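Good morning, and thank you for coming. I would ask you to look at the sequence and the structure together while I speak.

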Amino acid sequence: MSTLRRLPSTTLYRRGPLSRSDGLSLTYRGASLRQGNSRARFRLHSTSTFDAPVKGLGGNFRVSTVFTALLVFGAGATALGLYQFYKSFTLWPKELRDDLRAGIKARNQGDLNLSERYLTRAYQTALTMPPSMLSPSAYLKLSGIASVLAEVSPERKAREVLEDVWNRGDGPLQGSSADDWASYTPADEERIRRVAVACKLAELSQERDEDEKWLVWAVEEVLKLAGAGLQKKPTDTDGSTDAQSQPAQVILAELKLPPWMSKDDLGAPLAALGNVYARKGKLDYAMPLYLQAISLLLPPGMQNVSIQDRCEAAQLMNNLSELIMRRPPTPEIRHQAEAWARKALDVIEGAGKMPLPRSGWFGYSEDTSARSTCDQVLGVVLFNIGMLREMDSDKKAARTLFEKSVQQCGKVGMDEGVLQAKEALRRVGRAQNETS
């Protein structure tokens, strides 16, 4: 077992609501279908007087005047928001609007039981409708309701609802011709939604040890949609064939994706399945998946990569370093592991020099959350490089790295990281005293 720390590679599931064009922003807890948004967890781990004149506003405006202007602007912004909220529900059949509106309102107010009752009724009503009544993008709408219902439901019901909607996107049954879900053929964008549902089902099925099954299907499906093709693993000596299929030997980052597919659609299942194989010790399966996910997040030669993508690539690089160190720690293995850890550090430092994206109305404020993944990964990366330096008897460098890890982990509230880095400092100190 490696002595390095790793981080859960689940942050790729942060992007966008589950529902794309269905008119509702139906997100999961933490962030869309991101396997929870388990940020850094330690193990080496792989991975926010009134009439006085205001100067500098191009004139002698008074604060009361500014407040009045802000009040008018705020009222206009609120009216626009309410209009957009109302308009989103007009995209749905009138039979669903009241329940959807009440369910979303109850969810936003924190009353999950009431929200569940309304959304359950909306989902059951939608199932009685022919897909033509929900068109266009009927499956996007149906799965959108299912996703937000799963968000507010107990885990068992959430799994049942998502399995039900996943099954209904399986394509037309042979001989079906009526206008019902048994005869519905999902469009490509709707098949991507079905992949997202499978990824969420994997998260909900981890304790039942069924997450691999869902993620294997998700990876196979998304590769088909991306046009990468598949290559079955060899049959085992006992005649059985492992359920997993691996991508053909192509660099996924070089694929020209269709306009309805994003690199997140492609990369999220790869990273999630890699995480499952890493947890199960199947290193030969996990490493290629991590490498492909890294290449999607940080394509060679690409300059306009977002801070968040860079930080997530650094997280995967750190986890890859930890996987390498699960092998016998020969000098060559330690060199490879340190190279990936230092690459992660370089990426984090580069992201730290980039201007933060703007957020809020008219980009008024900086989005400091963009670097949150980097802030958490940094403490782990520093610790891991320190461990590798300690293995090579470079106690001085190891001490410096552990001290930086203590500071960084303390800064972001990673108490376990602080404790482990302090213990490493004591260990290095004892070793230095013995040799002095």
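**Loops, helices, core and disulfide**

I begin with serine 393, which counts as exposed because its relative accessibility is 54%, above the cut-off of 50% for that word. Please keep in mind throughout that this is a predicted model. Serine 393 sits in the loop between helix 13 and helix 14. Its phi is near 65 degrees, a positive value in a residue other than glycine.

A second serine may be set beside it. Serine 137 also has a positive phi, of about 60 degrees, although it is not a glycine. Serine 137 is found in the loop between helix 4 and helix 5. Is serine 137 buried, partly exposed or exposed? With a relative accessible area of 27%, serine 137 is partly exposed, because that value falls between the limits of 20% and 50%. The loop between helix 4 and helix 5 also holds proline 136. The peptide bond that leads from serine 135 to proline 136 is cis, with omega near 0 degrees.

Let us return to the loop that holds serine 393 and move on to helix 14, residues 395-411. How far apart should the ends of helix 14 be? At 1.5 Å a residue, its 17 residues should span 24 Å, and the end C-alpha atoms are indeed 24 Å apart, so the two values agree. Just after helix 14 comes glycine 413, with a positive phi of about 75 degrees.

Several residues of helix 14 are buried, namely Ala398, Leu401, Phe402, Ser405, Val406, Gln408 and Cys409. An α-helix has 3.6 residues a turn, so residues three or four places apart point the same way. You may wish to follow the buried positions along the helix with that rule in mind. The cover over these residues includes helix 13 (372-391) and helix 15 (415-435). For cysteine 409, the relative accessibility is 0%, so this residue counts as buried.

Helix 3, residues 112-128, can be read in a similar manner. It has 17 residues and reaches 24 Å from its first C-alpha to its last, close to the 24 Å expected. Its buried residues are Ser115, Glu116, Leu119, Thr120, Ala122, Tyr123 and Ala126. Among the elements that cover them are helix 2 (94-108), helix 4 (131-134), helix 5 (138-152) and helix 6 (155-167).

We now turn to the core. In soluble globular proteins, nonpolar side chains tend to be buried together. Here the largest nonpolar core has 106 residues, and those with the most contacts inside it are Leu96, Tyr123, Ile145 and Phe402. Helix 13 supplies the largest share of this core, 10 residues. Which residues does leucine 96 touch, apart from its neighbours within four places in sequence? Leucine 96 is in contact with Ala122, Thr125, Ala126, Met129, Leu134 and Ile145.

My last topic is the disulfide. The structure holds 1 disulfide, and it joins cysteine 311 to cysteine 374, with an S to S distance of 1.9 Å. Cysteine 311 lies in helix 11 (residues 307-324) and cysteine 374 in helix 13, so the pair ties together parts that are 63 residues apart in sequence. The torsion about the S-S bond is about -100 degrees, so the disulfide is left-handed. Both partners are buried: cysteine 311 has a relative accessibility of 0%, and cysteine 374 has one of 3%.

Terms used: Residues are numbered from 1 along each chain as its sequence is written. This is a predicted model: local features need pLDDT of at least 70, side-chain atom pairs count only at pLDDT 80 or more; totals for chains, interfaces and linings use all residues. Side-chain values use heavy atoms; hydrogens and water are left out. Helices (H or I, at least four residues) and strands (E, at least two) are DSSP runs, numbered from the N terminus. The expected span of a helix is 1.5 Å times one less than its number of residues. Buried means under 20% relative accessible area, exposed over 50%, partly exposed in between (1.4 Å probe, protein chains only). Contact means heavy atoms within 4.5 Å. A nonpolar core is a set of buried Ala, Val, Leu, Ile, Met, Phe, Trp, Tyr and Cys residues joined through side-chain atoms within 4.5 Å. A disulfide is a pair of cysteine sulfur atoms within 2.5 Å.
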